[in-house]
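Please look through the protein shown here, following the chain from its beginning to its end before reading on. The report below is meant to help a first-year student connect what is seen on the screen with values computed from the atoms.

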Amino acid sequence: VPVRVEAVLGRTRIAVTDLLALSPGAVIELDRKVGEPVDILVSDRLIARGEVVLIDGLLGVTITQIVRADEA
């Protein structure tokens with residue numbers, strides 16, 4: 001059964017006018033700091049947290065914590 005898996009690095013809110021004004025090289029500030037865990041969602045449900053890793057030149061996520069349903 002195919003499922004959608006997302007690794008959420010952070011979130012922010014931005015006005016549409018500011019979004020349309022972005023250009024290559026622009027930086028968007030997120031609500032997390034470097035080194036903080038990323039959320040891992042399966043079908044929009046938080047199931048784990050992890051850290052970003054580099055594997056053979058590609059980005060990946062190592063799971064560091066499984067989140068129980070009552071913790072989400």
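The report that follows goes from the overall fold to the charged pairs and then to the nonpolar surface.

**Overall fold**

The structure is a predicted model, and every value given here should be read with that in mind. The protein has one helix and four strands, and when these elements are read along the sequence they follow the pattern β-α-β-β-β. The radius of gyration is 15 Å, well over the 11 Å that the globule rule gives for 72 residues, so the protein is more spread out than a compact globule. Taken along the principal axes, the box filled by the C-alpha atoms is roughly 40 × 30 × 30 Å.

How much of the protein is buried? Buried residues account for 17% of the 72 residues. The accessible surface comes to about 6100 Å², and 57% of this area belongs to carbon and sulfur atoms. If one considers the contacts between residues at least 6 apart in sequence, 29% of them join residues at least 24 apart.

**Charged pairs**

Side chains of opposite charge can pair when their charged atoms come close. By the salt-bridge rule, the count for this protein comes to four, and the table gives three of these pairs.

| Salt bridge | Closest N to O distance |
|---|---|
| Arg4 and Glu6 | 3.3 Å |
| Arg4 and Asp44 | 2.4 Å |
| Arg49 and Asp39 | 3.2 Å |

What does the pair of Asp44 and Arg4 link? This pair links distant parts of the chain, with Asp44 in the loop between E2 and E3 and Arg4 in the segment before strand E1 (5-8), 40 residues apart. Asp44 counts as exposed because its relative accessibility is 58%, while Arg4, at 45%, counts as partly exposed. Glu6, which also forms a salt bridge with Arg4, counts as partly exposed at 28% relative accessibility.

The pair of Arg49 and Asp39 forms a salt bridge with its closest N and O atoms 3.2 Å apart. Arg49 lies in strand E3 and Asp39 in strand E2, so this pair ties together parts that are ten residues apart in sequence. Salt bridges that share partners also join Arg4, Glu6 and Asp44 into one network.

**The surroundings of Asp39**

Is Asp39 buried or exposed? Asp39, which is found in strand E2 (residues 38-42), has a relative accessibility of 12%, and because buried means under 20%, Asp39 counts as buried. Its partner Arg49, by contrast, counts as partly exposed, at 23% relative accessibility.

The side chain of Asp39 makes a polar contact of 2.6 Å with the side chain of Arg32, and another polar contact, of 3.2 Å, joins the side chains of Asp39 and Arg49. When residues up to four places away in sequence are not counted, Asp39 touches Glu6, Ala7, Val8, Arg32, Leu46, Ala48 and Arg49. Glu6 thus appears twice in this account, since it touches Asp39 and also meets Arg4 in a salt bridge.

**A nonpolar patch on the surface**

Which residues make the nonpolar surface patch? The patch, of about 900 Å², is made by Leu9, Ile14, Leu19, Leu22, Ile28, Leu30, Val52, Leu54, Leu59 and Val61. Strand E3 (45-55) and strand E4 (58-66) each supply at least two residues of this patch.

Two members of the patch can be followed in more detail. Leu54 lies in strand E3, and because its relative accessibility is 63%, Leu54 counts as exposed. Leu30 is found in the loop between helix H1 (16-20) and E2, and at 40% relative accessibility Leu30 counts as partly exposed.

Where its neighbours within four places in sequence are left aside, Leu30 is in contact with Leu9, Gly10, Arg11 and Thr12, and Leu9 is itself one of the patch residues. The C-alpha atoms of Leu30 and Arg13 are separated by 8.8 Å, although these residues are 17 residues apart along the chain.

Definitions and conventions
Residues numbered from 1 in each chain as written. Predicted model: local features only at pLDDT ≥ 70, side-chain atom pairs only at ≥ 80, totals over all residues. Heavy atoms only, no water. Patch = residues over 30% accessible without salt bridge, like charges linked within 9 Å, V, L, I, M, F, W, Y side chains within 5 Å. Areas by Shrake-Rupley, 256 points an atom, 1.4 Å probe, with all protein chains shown as cover. Salt bridge = Lys/Arg side-chain N within 4 Å of Asp/Glu carboxyl O. Buried < 20%, exposed > 50% of the residue type's maximum accessible area, 1.4 Å probe, protein only. Polar contact = N/O pair within 3.5 Å; in protein donor to acceptor, adjacent residues only side chain to side chain. Contact = heavy atoms within 4.5 Å. Rg over C-alpha atoms; globule rule 2.2 N^0.38 Å.
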